[in-house]
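Student: Could we go through this structure together? I would like to learn how each label is earned.
Tutor: Gladly, ask away.

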Amino acid sequence: MNILSLIVRGTREIGLKTLWDSFTYLVRKRWYQARFGEQKRRRIPRTGYTHPGRVIGHTRQGQTLTIPCADGTYVLTILAPDLVRVRLLPSRGPANRRLSYSYSIAKTDAKWPPCDFMVIETELALKVKTARLVCRVAKDTGRLAFLDLLGHVINEDEAGAGRHRCGAVACRKRIQPDEHFYGLGERTFGLDLRGRQYGMWNTDPRTYRLGQDPIHLCIPALLGLHNQGRQGYGIFLDNTFRGFFDLGQRDPNVLSFGAVDGEMRYYFIYGPALTTVLERYTELTGRMNVPPRWMLGYHQSRWSYQSEARVRKLARDFRQVHRVPCDGIHLDIHYMDGYRCFTWDTERFPDPAKKIADLHTMGFKIIVIIDPGIRADHEYWVCQDGLERDMFCTYPDGETPLKAPVWPGDCYFPDFTDPRVRAWWGDLCQVLTDVGVDGIWNDMNEPAIFGLHSTTMPESIQHNLDDRGDNHAKAHNIYGMQMARATVEGLKRLRPDRRPVCITRSGWAGVQRYAMNWTGDNRSNWRHLWLSMPMVMNLGLSGLAHTGPDIGGFSQFASGELFTRWLQMGVFLPFCRAHTFVHSPDQEPWSWGEPYLTINRRYIELRYRLLPYLYTAFWQCAQAGLPIVRPLLLAFQGDVQTHTLEDQFMCGDAFLVAPVFKEGANRRSVYLPAGLWYDFWTDQQFHGPAWIDVEAPLERLPLFVRGGSVVPMGPMMQYVGEYPTARLALNVYPDCASHVPDERDTTGRCVLYEDDGHSWAFQEGEYRLTRFALHSAGRPISRLELDRQVEGRYDPGRPGFEVVIHGVDKPPHSVTVDGQFPGWRALRTADRTVHLVTNLFEHVRIVWD
């Protein structure tokens, strides 16, 4: 692209003033580089590392074992039987044995209960043995190996950990022959990450393409799986400097990871189940809070709905014209006055408080975007206040604030690593909450700066780092997370009785404690529809489960078929939002007319009916870190077919979703793991493990329910809370099959979580957790029993349930509810189902002849 084309494109996308500021910034940046002697970006050396070498001795103090070696010192801390922190410190020089602060860690050492372990010394090795694993340190080389209690290798060093004279750190480990790798945050590749190298430096790629790396949100947490699924583990590199994970690109037999500076500090987590690894990792780095229930609804956005009249028309189109359910309307940067954060354009939005109040009456919630860049305008009150109170990042002299271009033109950037700045920023959010804004969307927080290439702050820029002080080289990767933290902490102070909503584009390990995520500026094409699946799954495997793509794609414009297929998948993703580019036509569920509108409406209605089920999946994630959207390998780890399966996924415990991601396709192949599966639309039964070919006309998403499941569904509604106390349908899918002759009893266990959907009262016991136990016998089914147990004080005010038994061909002989016959209000059979309307029950028993 020549310089004239760049100027034309830049003027069109960001405006002439901001384009000019981008050019002048380049000149100014070079002047400051010369003034402060900023060096070129450091690269991570491939060779020349010094490794620990021969073990000299060891000392134990509490949960920590210190192992001096010839050229370094290991400090191993046993936090739990399956969790070991490994630090490599230099033998000479200013080795700091004290553990430095980590923004990622939620559960610090003092919060872990004591963990028993033994230190066993042999002629060849030093072994640390817990109830779950053995960490073996070879005496001659200092290399580590993690073994299970039977001596099988979980993970072992190749050259091991080392430090370079330039300050870089790296660790080399062996890759097992059948090993697969997952996680690492937001990646533009398939599910299994083996065979490539990945950067650890949050980067604004503008509109990303497949294979581009890194992009907005890196998380240095890796999951490994090998030995036919018998061995699963995790490695979390706790280092915020620019880093890398090489998963066999340079050497197919070697996994290596490291950073350009900082300490070699990583946590090793043993499963062997990857669900156990995720539970422990999120215990260490923190878990998401259950979001307000309305966040699970459908959301509509574009860059931008540029006036109050346009937003009101959008609301009427949803509620009155097309009758499509929707909970959230998102306002992009054009609602602001000249892109100034915490302002409103009074011509476009003359009375935001009244507009938002009217939308609330219609059942809508409003989320607005906020960027970190504060326009450099001394007449702008936020800028003036920030300068007077030293809230902005500075050059090394500590006096000259960084001034660089983003949407408003030249901007200053708050130092979110400073607790004073976080408090200031959180208080600024009152400008938005006072007019009724319901949530805040943090964008551009890698942080991004406009330029000819993807740029960010110079590495010499200074940060407070919670009074520890350092430069941007160390602070860069946690900048976006700390912006989200500042936003959420402010919202909690301003509205202490409401759960905060913060959406972030960038983050780091632990960001799930503060915010959810969307996967940035994708493209309106079929390859990006496919990419949404492994991207969301790997984010979930990195601890950040509440995420989702721009449905329909951001850049360019989707066809009706592409949008519908994307939406069919999107209703089963944690965040369900359509969004599009400023120069594209509207991309709303009705934008392509029929038959797309009817199909889109039907699937959004299905999401609303499934809200009780989805809300429960969010609660499961908040409790144990189990993602809402899960690769099949999490539920079927012993099935090697699932280890690289990236174009279908589990949503919660029950649903297997197999989206159509090829243009014009009306069939697709689906893999069903072991067990009984029901076609959601027809109740046809399938037995796994098996590959099946299924019909998938435009109106049908291949969707299956796992046998033994109880799926709660509510009424169709236009927005969350429209019918708060309606009767729930309990869809029961017995785990039985007509071709199996035995009479063995089978059991399924499911849960339903409920609370008021908006406050923190659930933390004080105001919740209801309902546990269902399902027993069925006979082939064909001869008996079914459903037990219900309840805990918690919350009362949803529900009159009862409609129990729907799927996959049965005849009416039952008898039905008893809590021992009463009859104990139901209504009973009917239709379409291979039995429908039973009951009051609140403890036990239902159904018998067939």
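Student: What makes a residue in the chain count as buried, and what percentage of the 849 residues is buried?
Tutor: Buried means under 20% relative accessible area, exposed means over 50%, and partly exposed lies in between, with a 1.4 Å probe and protein chains only. By that rule, 62% of the 849 residues in the chain are buried. Keep in mind that this is a predicted model, where local features need pLDDT of at least 70, side-chain atom pairs count only at pLDDT 80 or more, and totals for chains, interfaces and linings use all residues. Residues are numbered from 1 along each chain as its sequence is written, and side-chain values use heavy atoms, leaving out hydrogens and water.

Student: How do you know whether the radius of gyration agrees with a compact globule?
Tutor: The radius is taken over C-alpha atoms, and the globule rule is 2.2 Å times the number of residues to the power 0.38. For 849 residues the rule gives a value near 29 Å, and the chain has 28 Å, so the two agree. The C-alpha atoms fill a box of roughly 85 × 80 × 50 Å along the principal axes.

Student: Why is Trp20 called exposed?
Tutor: Trp20 has 57% relative accessibility, so it counts as exposed, the cut-off being over 50%. Trp20 sits in helix H2, residues 16–36. Helices (H or I, at least four residues) and strands (E, at least two) are DSSP runs numbered from the N terminus, and the chain has 14 helices and 46 strands.

Student: Which residues form a nonpolar patch with Trp20, and what makes it a patch?
Tutor: Its partners are Phe23 and Leu452, and together the three have about 330 Å² of accessible area. Patches are made of residues with over 30% relative accessible area and no salt bridge; like charges are joined within 9 Å, and nonpolar side chains (Val, Leu, Ile, Met, Phe, Trp, Tyr) within 5 Å. The areas come from the Shrake-Rupley method with a 1.4 Å probe; for residues, only the protein chains shown count as cover.

Student: Why is there no bond between the sulfurs of Cys69 and Cys135?
Tutor: A disulfide is a covalent bond between the sulfur atoms of two cysteines. The rule here asks for a pair of cysteine sulfur atoms within 2.5 Å. The sulfur of Cys135 is the closest to that of Cys69, but at 11 Å it is too far for a bond. Cys621 is in no disulfide either, with the nearest cysteine sulfur, that of Cys651, 12 Å away. The count comes to zero disulfides.

Student: Is Cys69 buried or exposed?
Tutor: Cys69 has a relative accessible area of 3%, so it is buried. Cys621, at 4%, is buried as well.

Student: What makes Asp397 and Arg35 a salt bridge?
Tutor: A salt bridge is a side-chain nitrogen of Lys or Arg within 4 Å of a carboxyl oxygen of Asp or Glu. In this pair the closest N and O atoms are 3.3 Å apart, which fits the rule. Asp397 lies in the loop between helix H6 (381–388) and strand S22 (404–406), and Arg35 in helix H2, so the pair ties together parts 362 residues apart in sequence. Asp397, at 26% relative accessibility, counts as partly exposed, and so does Arg35 at 43%.

Student: How many salt bridges does the rule give?
Tutor: The count comes to 48. Among them is Arg783 with Glu785, at 2.7 Å between the closest N and O atoms. Glu785 is buried, with a relative accessible area of 14%. Salt bridges that share partners also join Asp82, Lys107, Arg132, Arg280 and Glu283 into one network.
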